[in-house]
Amino acid sequence: MIKLGAFKYYIAGVIAFVVWGAFAIPLKLLKDYSSLQILQYRIFTALIVIALFILIGGRSKLKKDITFFKNTPKKERLKLSGLIVLSSILLMSNWFTFIYAVNHVSLTSAAFAYMVCPLITAFGGFFILKEHLTLLKLIGLGIALVSILLLATGSVKEVLWSIGIASVYAFYLIIQRFITQVDKLNMLAINLAISALIMLPYFFVANEAFPIAPLFWITIFIIALVFTLVPLFLNLYALIELPSSTLGIIMYINPIIAFLVAFFYFDEHFHLNQLLAYGLLLIAIVIFNWGVILGLLNSKKRSKHE
């Protein structure tokens with residue numbers, strides 16, 4: 001049963017996904033810069049901010065994780081290191097594909113990705129982690145697949161980008177289920193550090209001028225802090241009390257906000273096949289999460305009678 005005291009955790013989760021849903025607004029300000037350039041400065045800036053945060057207030061957890069890593073058997077340590085590197089590559093790939101899609105494909109393709117992502121995660125959990133899927137969830141996944149195929153009839157390019165963005169993030173989430181021993185904040189810092197190392201060769205060989213425009217640096221700092229670290233912190237806070245399944249439902253605020261931004265702020269137009277595809281996907285989402293939705297409704301009813 002969900003307690004009324006969990007309200008502040010709901011608010012944290014909602015704010016996180018509202019912020020991520022509006023991410024296209026600052027990104028569009030940087031459309032004249034390359035996607036890789038935006039990505040590398042986002043990573044470098046976010047890494048500096050999170051490193052300062054850990055050094056100021058999170059050194060005890062950092063020492064604990066370092067001790068854990070040193071005491072882990074060599075075979076397990078190599079496996080853990082491989083998973084961390086792979087998760088870093090997947091997270092960086094997700095950020096790059098999302099940035100590219102927003103500025104060079106369409107905002108709707110980027111938004112659709114985060115409606116598909118939880119469903120791809122469910123498929124991955126079923127085949128990779130051998131997680132159980134009920135008949136109702138399988139029906140939901142089937143409807144979602146139909147919606148993706150319907151969207152492909154309108155623009156194959158957009159649906160491929162949507163699936164690509166969703167897939168790399170879904171597999172990043174699946175890998176995180178294997179890495180349970182490391183503090184999530186330290187995990188993010190390691191991901192950013194590895195991503196920064198991967199981006200360094202591009203930084204030195206790319207024939208791009210060092211950006212000096214104040215708007216670029218102000219926007220990059222806002223992206224790194226407001227649209228990267230703050231939502232991630234709020235997510236971690238929400239997970240203190242909320243089960244991941246509940247947060248999974250709240251996650252769909254992200255694409256809803258993104259669609260509203262695309263339609264009202266950027267004046268992107270929707271075709272009939274897109275509207276039908278999004279409608280089917282919403283139905284699939286409700287069916288897939290029906291058990292959790294019922295649990296939330298029952299909890300509210302119980303709370304009223306208590």
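A salt bridge is a side-chain nitrogen of Lys or Arg within 4 Å of a carboxyl oxygen of Asp or Glu. Keep that in mind for the first exercise.

This is a predicted model, in which local features need pLDDT of at least 70 and side-chain atom pairs count only at pLDDT 80 or more, while totals for chains, interfaces and linings use all residues. Residues are numbered from 1 along each chain as its sequence is written, and side-chain values use heavy atoms, with hydrogens and water left out.

**Exercise 1. The salt bridge**

Find how many salt bridges the structure holds, and work out which parts of the chain are tied together.

Solution. Start with the count: the structure holds one salt bridge. Next, look at the partners, which are the side chains of Lys61 and Asp183, at 3.9 Å from N to O. Then place them: Lys61 belongs to helix α4 (residues 59–71), and Asp183 to the loop between α8 (156–176) and α9 (184–205), so the pair ties together parts that are 122 residues apart in sequence. Helices here are DSSP runs of H or I with at least four residues, strands are runs of E with at least two, and both are numbered from the N terminus. Last, check the cover: Lys61 has a relative accessible area of 49% and is partly exposed. Buried means under 20%, exposed over 50%, and partly exposed in between (1.4 Å probe, protein chains only).

**Exercise 2. The chain as a whole**

Describe the secondary structure and the burial of the protein chain.

Solution. Count the elements: there are 14 helices and zero strands. Then turn to burial, where 45% of the 306 residues count as buried. For contacts (heavy atoms within 4.5 Å), take those with a separation of 6 or more: 88% of them join residues 24 or more positions apart.

**Exercise 3. Two helices side by side**

At what angle do α5 and α6 pack, and which residues meet?

Solution. First the geometry: helix α5 (residues 74–105) packs on helix α6 (residues 107–127) at about 145 degrees, and their axes are 6 Å apart. The axes are lines fitted to C-alpha atoms over the stretch in contact, and angles run from 0 to 180 degrees between N-to-C directions. Now the residues: from α5 come Asn94, Phe98, Ala101, Val102 and Val105, and they meet Leu107, Ser109, Ala110 and Tyr114 of α6. Sort these residues, and you get seven nonpolar, two polar and no charged. In that sorting, Ala, Val, Leu, Ile, Met, Phe, Trp, Tyr, Cys and Pro count as nonpolar, Asp, Glu, Lys and Arg as charged, and the others, Gly among them, as polar.

**Exercise 4. Residues and their partners**

Stay with α5 for a moment, then visit two other helices. For Leu90, Ser147 and Ile253, list the contacts beyond four places in sequence.

Solution. Leu90 sits in helix α5 and is buried, at 14% relative accessibility. Its partners are Val168, Phe171, Tyr172 and Ile175. The C-alpha atoms of Leu90 and Val168 are 5.4 Å apart, although 78 residues separate them in sequence.

Ser147, in helix α7, has a relative accessible area of 0% and is buried. Ser147 touches Phe112, Ala277, Leu280 and Leu281.

Ile253 is part of helix α12 (residues 253–265) and is partly exposed at 22%. Its contacts are Val14, Phe17 and Val18. Ile253 is also 9.7 Å from Val19, C-alpha to C-alpha, with the two positions 234 residues apart in sequence.
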